[in-house]
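Biologist: Could you take me through this one? I would like to hear the reasoning behind each label.

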Amino acid sequence: MPRKPKTASGTALGVRIGRNIKSARTQLGMTQSQLAEALELENVTVSRIETGAQLPSIDRLEEVSKVLKVSLTALLADTSKSGAMSDMLLDVIKDLPAREKKFVYLLASAYAQHYKTGKKKST
């Protein structure tokens with residue numbers, strides 16, 4: 001029977017990391033088995049990491065981030081906090097040239113305006 005995550009802060013961190021790993025994995029269309037194979041782990045280990053029952057080492061997190069093509073920040077981020085998405089976006093664009101950063105900003109701004117306009121019409 002799977003263990004339920006404890007409420008201690010260490011285990012809460014494991015749950016958050018596991019949730020972020022699962023999200024990045026599914027966005028790539030990768031199965032747990034494929035991730036396990038890429039990391040040379042057993043399937044059950046990936047499952048335990050994704051449920052928060054097992055906290056991976058920082059070295060393992062680096063491997064996971066490379067396989068899933070995301071930053072460590074994305075794996076560690078608490079997306080329930082307001083600044084987490086901003087931090088992740090900054091991390092993603094930090095190495096882009098200024099012109100490309102501006103493009104990403106304008107794209108995000110245009111989308112946000114489009115979304116807000118659509119929300120006003122439907123309410």
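Biologist: What makes the pair E63 and R60 a salt bridge?

Modeller: Happy to explain, and please keep in mind that this is a predicted model. The closest N and O atoms of E63 and R60 are 3.0 Å apart. A salt bridge needs a Lys or Arg nitrogen within 4 Å of a carboxyl oxygen of Asp or Glu, so the pair qualifies. Both residues lie in helix α4, 3 residues apart, which is about one turn of the helix.

Biologist: Why is E63 called partly exposed?

Modeller: The relative accessible area of E63 is 34%. Buried means under 20% and exposed means over 50%, so E63 falls in between. R60, at 24%, counts as partly exposed by that rule.

Biologist: How many salt bridges does the structure hold?

Modeller: There are 3 salt bridges. One of them joins the side chains of R25 and E50, at 2.5 Å from N to O. This pair links distant parts of the chain, with R25 in helix α1 and E50 in helix α3, 25 residues apart.

Biologist: Are R25 and E50 buried or exposed?

Modeller: R25 has a relative accessible area of 7%, so with the limit at under 20% it is buried. E50 comes to 8% and therefore counts as buried.

Biologist: What makes D78 and R16 a salt bridge?

Modeller: Their side chains meet at 3.7 Å, N to O, and the cut-off is within 4 Å, so the pair passes. D78 sits in the loop between α5 and α6, while R16 belongs to helix α1, 62 residues away along the chain. D78 has 17% relative accessibility; that is under 20%, so D78 is buried.

Biologist: Let us turn to the helix packing. Why are α2 and α4 called oblique?

Modeller: Their axes come within 10 Å and cross at roughly 120°. Roughly perpendicular covers 65 to 115 degrees and roughly antiparallel starts over 145, so this angle fits neither and the two helices are oblique to each other. The crossing of α2 and α4 is right-handed.

Biologist: Which residues of α2 and α4 meet?

Modeller: From α2 they are L35, A38 and L39, and from α4 they are R60, E63, V64, V67 and L68. This contact divides into 6 nonpolar residues, 2 charged and no polar ones.

Biologist: What makes two of them charged?

Modeller: Glu and Arg count as charged, so E63 and R60 get that label. E63 and R60 are also the salt-bridged pair in helix α4.

Methods:
Residues numbered from 1 in each chain as written. Predicted model: local features only at pLDDT ≥ 70, side-chain atom pairs only at ≥ 80, totals over all residues. Heavy atoms only, no water. Axes fitted to C-alpha atoms, helices over the stretch in contact; angles between N-to-C directions. Helix = DSSP H or I, 4+ residues; strand = E, 2+ residues; numbered from the N terminus. Parallel < 35°, antiparallel > 145°, perpendicular 65-115°, else oblique. Left-handed = near helix turned anticlockwise from the far one by under 90°. Contact = heavy atoms within 4.5 Å. Buried < 20%, exposed > 50% of the residue type's maximum accessible area, 1.4 Å probe, protein only.
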